[in-house]
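Visitor: Could you take me on a close look at the sheet in this model and at what packs against it? I am new to this, so please go step by step.

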Amino acid sequence: MKYGLGIKILISFIVGGIAILYKLRLDPNKNQSEVSSIVKVPKPFLFKTVTTLSNVPIYFTWITRFDEVNNREILRIGKSYRGTIDLPFFGRHEIFYSITDFQEGSWIVFKPDLVRGSYLNTEVILMFTAINNTAAQFYMKIIYHRSSALFQLTVGRLLKSLTDSQLDKVLVRVRALAISKWAIWQDTPTPVVNSTKSSSRVVIKDRATSDSNTTPGKSESRKRGGKKPH
């Protein structure tokens, strides 16, 4: 009887402790994963490379599929996506995300679609900063917004370790992908039409020389969206 009572008291303490941790709230921003790196391509080209959907599974290997819900829409706040993600130890599941903040060429923020929800409540932030006309800084941050202490002190710590490792690989792949595509873009000949009153002819010029004064790094698209995310 003595040992039985002791076990019951221990179980009560454990259950009570778990309940307290579940109700206790911690700031999830203190457990975020973030990386940044300079990539030697113009900022608009880097933004285009990273936000092209077919490139996402190449540099972010957790995502095996990422599609627009409505592919006729331009990039804007409220645009929705669905995809499939394979998380180590957590398995495969579908994700539904929407753009919640956006500025063309500079940043884009994804959060889970509230209608379908997300257990991990993951926020993804991508930011692009011009260093000069031929280089830009790429920044990526992932936050799991479940604020319960029980989650943050257990599953959250494991997820942060896994995410830190994944983001280090993302940086390497983004650099390699952007630089390789930029090299191909520069080497692709561009047809230039020269016309006169009597005839017209097409002259093939090297893109690297013909576009030397009009590379994507020297102009930016019209900005849309809200304030710069923190």
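Guide: Let's begin with helix α2, residues 43-51, which lies across β1, β4, β5, β6 (122-132) and β7 (135-144). Against β6, helix α2 runs at about 155 degrees. Keep in mind that this is a predicted model. Another helix, α5 (residues 155-187), lies across β1 and β7, and its direction is about 15 degrees from that of β1.

Now look at the sheet itself. Strands of a sheet pair through backbone hydrogen bonds, either parallel or antiparallel. Here the sheet is open and has seven strands with antiparallel pairing, in the order β1-β7-β6-β5-β4-β3-β2. At its edges are β1 (33-39) and β2 (63-68), each pairing on one side only. From one strand to the next, the twist averages 20 degrees. For one pair in detail, follow β4 (residues 91-103) and β5 (residues 107-112): six bridges join them in the antiparallel sense, and Q103 stands opposite W107 in β5.

Next, turn to the nonpolar residues. The largest nonpolar core holds 41 residues, and L46, F60, L126, F138 and M140 have the most contacts inside it. Helix α5 gives the most to this core, with nine residues. Try zooming in on M140: beyond its neighbours within four places in sequence, its contacts include V35, F60, L126, L167 and V170. There is also a second, separate core of five residues, among them W107, V109, I125 and M127. You have already met W107, the β5 residue opposite Q103.

Terms used:
Residues numbered from 1 in each chain as written. Predicted model: local features only at pLDDT ≥ 70, side-chain atom pairs only at ≥ 80, totals over all residues. Heavy atoms only, no water. Pairing = 2+ DSSP bridges. Helix = DSSP H or I, 4+ residues; strand = E, 2+ residues; numbered from the N terminus. Axes fitted to C-alpha atoms, helices over the stretch in contact; angles between N-to-C directions. Contact = heavy atoms within 4.5 Å. Core = buried A, V, L, I, M, F, W, Y, C linked by side-chain atoms within 4.5 Å. Buried < 20%, exposed > 50% of the residue type's maximum accessible area, 1.4 Å probe, protein only.
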